[in-house]
Each structure stands twice: as C-alpha cells, then as structure tokens.
Amino acid sequence: MIDDRHDSDLNAGDETACDRADEPPIVPRTRRGLYLTPRQAFLWIAGVLAVLLIALLAYLVWLQWPADFSSSGGKVQANIEPVVAIYGPGRGAKPKFSKPMGATWGREDRIYVADTQNSRIVVFDKKGKYLSQFGGFGIAKPLSGTRISWKPGLLDYPTDVAVDSHNGDVYVADFMNDSISAFTSEGKFIRRFPDPYKPTGHGGSGSSELGIAVTAVTVQDGRVYATDTYQIFVFTTEGKLVKQFGLPGLDPGMLDHPNGIAVDSRGNIYVSDSNHNRVTAYTPDGKVLWTVGAKISDLMKETDNPFVLPRGLTVLRDGSLLVSDPLGQQLVKIDEYGKVIATYGMRGAEPGQLNFPNDVSSLKDLVLVSDRANDRVQVVRLTGR
C-alpha cells in the first residue's frame, strides 16, 4: 500500500526546494564605494589625461589663430571714404595695437604697421588679414643702473617703418635705440645702423650724442632717408652714411623735431618740420625749394596756417603730397610747389574718422593712415578734390 502522506511530503519538499532555487544567493555585505582593478584605474587616468591634452592643444591653436580684428566699409566722413580698419593681429598675448605711429605699403600690397608701444612690426594683406609680426622689446641704451637687453631684431619704441620697393626689405626707425633696424620682408633681421654707440657723421641727437634718435624713415632708389631732432640723414641701404644736413633754428631749411620724410621720383626730399608747423621741400643736395606753413606762437589761434602739427607725409601718384596733421585732426593735400589743395577728415572713432593721425602712405587710389589715438590703422580713399 502506497503511503499518500509520504508522497505529499515529498512533493511539498520538492516545491520548497524549487522556491529556494529561484531566490538570489546570499552574499556577504560590503561597504559602499567604487573599487577598480589596477588596470581599470590606469585606463581611467589615461583617458582623463588625453582629454586634458586635447583641450590644451585646442587652446594653443585658439591663441595663435587670428581673430577678426578688422572691419570693412562705412559712410564717407569729411571727404574720407573708409575701406578697411585694422585694430591688431587678433589672437596672442597682444591682440590689439597700442598707439601705432607708423604704417606703410609694401610689396604685394602688404601693410606694415609700426605698433609703437608694443615694440613690434605687424604685417597684413590689403584686406586687413593678419599675416605675421616681428620685433619685440629690447633696450640697446639703458638708463644708468640697468642692463642692455637688446638682441638682433628687437626694438624699443619704433616710430616709423618703410619698405624698399626693389627687394621688399623693411627699415624701422628704432627711436629709443638710436638706430635703424633692417629686416627682410618676412621679418628676418639683417643689420642696424648707424652704430648707436658711436658718433654719426658730425653728430646726431642720440643719447650721449651717439647714434641718431630716428623719428622718421623712407627708402628711395637705393638710399635710406631718416630724420632726427634737427637733421636729415642719407644712408645707403647697407648703412653707410652718404650725407647729412640741417640745423636747429627758425630760418627756412632749419628744423625743429621733424617727424615725417618722403622722397619723389626726382630725388626731391619733403620733410614735416613739426615744431615749426611747416613742410619744407629740398633738392637732392639739401637746398631749400619751398616752405609752406609757419610757426604758431599761440596754438590753434593762427587759423590761416594749414598745419597745427605736421608729421607723416607721402607722395601721391599725381605728384602732390599728403600730410598727416594729428593736432589738426586732418590730412592736408599740397601740390608739388607747396600750395594747399584740400583738407580731409574730422575727429572721431567711427570708420573714416580720425584721432591723432600720425602717418600716411599711398598705393594708387588708396591711403593708409596710422590712426594713433584710435589704436588702429585705416585704409581709405580721398573724395572731393
């Protein structure tokens, strides 16, 4: 006889066993937290470092990549049509200009800017796109108790820049270093002259009367022309002194802090005699051709005087001259005989307006203006006469 109760107990036992088999296994309780094997920890750290490295590389590229620090166009302002305004190279430690005093056109329509308080030359294309820069701060003639920090290619307060149309070499008026520095068109240092530690010719205005405190520079037909406090110097492009002329004084041809120089195709030399409030034309031999303007005794009261403080100037393609007048907040056009033809400009910060325009350079119908107090250079066209 079969024991049904025994079978029931067996079945019940089987059900209990099955129920227990479906339950999760009991494991020892541990503390909460993240535990990684050594290999997992290594991979995690490597991933974090890779992300940081990529971020650093992206930041470095961002620093070097030029931002859009230029603008185009604008309405005509006092007979000046704005074409391009440039405020600096864009990225980098010094993305903006600081009181640029000089600017010139170079070969391939490049724009070279003497970024004065940043002690560098910055290069752009015709449309204002940043190309390169060279220079950097270096002292050749330190004050007592300090050391020389100048190395080939460094500058201290460059006031002007000029380009040799023959080979594209760049010449910089290195004012505080009492010399001219020459570079290739790509910014490679070539030489400096005159020697800032020796007398130049029969004397110059450099510190301790050594070298010359160069205020302006231009290049024409294998000659480098420069001004200092009261003289005009002519060098070969190799740096050999050819001649010098000029004396302090009020008489025609005498100078007081000239700050602009240009030479035409005939070799005639035009100088902005700043503190005499006039422009003087000389023959290639240094004889006076004409003078326009007069000494202003009471500043801004002599309204018939064409200039308040003439500085940079350039020869236009029709043979006339364009003179920057920073205190007059204008550009003044005079013919090759010294007659005033027209004036351009008004003070302001909008495109086409001026704020202490310090230098000008011409290329066909375009004029490059060093708009000093606006911390920019402008490419403009002159309208009207």
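How do the residues of the lining of the second largest pocket divide into nonpolar, polar and charged? Let's work towards that and a few other exercises.

The model is predicted, so local features need pLDDT of at least 70 and side-chain atom pairs count only at pLDDT 80 or more, while totals for chains, interfaces and linings use all residues. Residues are numbered from 1 along each chain as its sequence is written, and side-chain values use heavy atoms, with hydrogens and water left out.

**Exercise 1. Describe the second largest pocket.**

Step 1: settle the term. On a 1 Å grid over the protein atoms alone, a pocket is an open set of points where a 1.4 Å probe fits, with protein on both sides within 12 Å along at least five of seven lines; lining residues have an atom within 4 Å of a point.

Step 2: take the volume, meaning the space filled by probe spheres set on the points, with grid points joined across faces, edges and corners. For the second largest pocket this is about 260 Å³.

Step 3: look at the lining. It has 16 residues, and Lys 141, Pro 142, Leu 143, Met 176 and Ser 207 lie nearest the centre of the pocket.

Step 4: sort them. Ala, Val, Leu, Ile, Met, Phe, Trp, Tyr, Cys and Pro count as nonpolar, Asp, Glu, Lys and Arg as charged, and the others, Gly among them, as polar. The lining of the second largest pocket then holds eight nonpolar, five polar and three charged residues.

**Exercise 2. Do the same for the largest pocket, and find which strands line it.**

Step 1: the largest pocket holds about 830 Å³ of space.

Step 2: 37 residues line the largest pocket, and nearest its centre are Thr 104, Gln 220, Thr 314, Ser 361 and Ser 362.

Step 3: by class, the lining of the largest pocket has 15 nonpolar, twelve polar and ten charged residues.

Step 4: bring in the secondary structure. Helices (H or I, at least four residues) and strands (E, at least two) are DSSP runs, numbered from the N terminus. The protein has 25 strands and two helices. At least two lining residues of the largest pocket come from each of β3 (102-105), β7 (158-163), β11 (216-220), β15 (260-263), β19 (313-315) and β23 (357-363).

Step 5: β23 contributes the most to this lining, with five residues.

**Exercise 3. Classify two ring pairs and locate their partners.**

Step 1: the criteria. Rings of Phe, Tyr and Trp (its six-membered ring) pair if their centres lie within 6.5 Å; planes under 30 degrees apart are stacked, over 60 edge-to-face, and the rest tilted.

Step 2: count. There are eleven aromatic pairs in the structure.

Step 3: classify Tyr 157 and Phe 175. Their ring centres are 6.2 Å apart and their planes stand at 55 degrees, so this pair is tilted. Tyr 157 is in the loop between β6 (130-135) and β7, and Phe 175 in the loop between β8 (170-174) and β9 (179-183), 18 residues apart.

Step 4: classify Tyr 270 and Trp 290. With centres 6.0 Å apart and planes at 40 degrees, this pair is tilted. Tyr 270 belongs to strand β16 (residues 269-273) and Trp 290 to strand β18 (residues 288-293), so the pair ties together parts 20 residues apart in sequence.

Step 5: check burial, where buried means under 20% relative accessible area, exposed over 50% and partly exposed in between (1.4 Å probe, protein chains only). Tyr 270 and Trp 290 are both buried. Tyr 157, at 25% relative accessibility, is partly exposed, and Phe 175 is partly exposed with a relative accessible area of 25%.

**Exercise 4. Examine the surroundings of Trp 150.**

Step 1: ring pairs join Trp 150 with Phe 134, Phe 183 and Phe 189 in a cluster.

Step 2: apply the charge test, which asks for NZ of Lys or CZ of Arg within 6 Å of the ring centre and within 35 degrees of the ring normal. The charged end of Arg 192 sits over the ring of Trp 150, 3.7 Å from its centre.

**Exercise 5. Compare the backbone and exposure of Lys 99 and Glu 108.**

Step 1: Lys 99, in the loop between β2 (80-86) and β3, has a positive phi near 55 degrees.

Step 2: Glu 108, in the loop between β3 and β4 (111-115), has a positive phi of about 60 degrees.

Step 3: Lys 99 is partly exposed at 26% relative accessibility, whereas Glu 108 is exposed at 68%.
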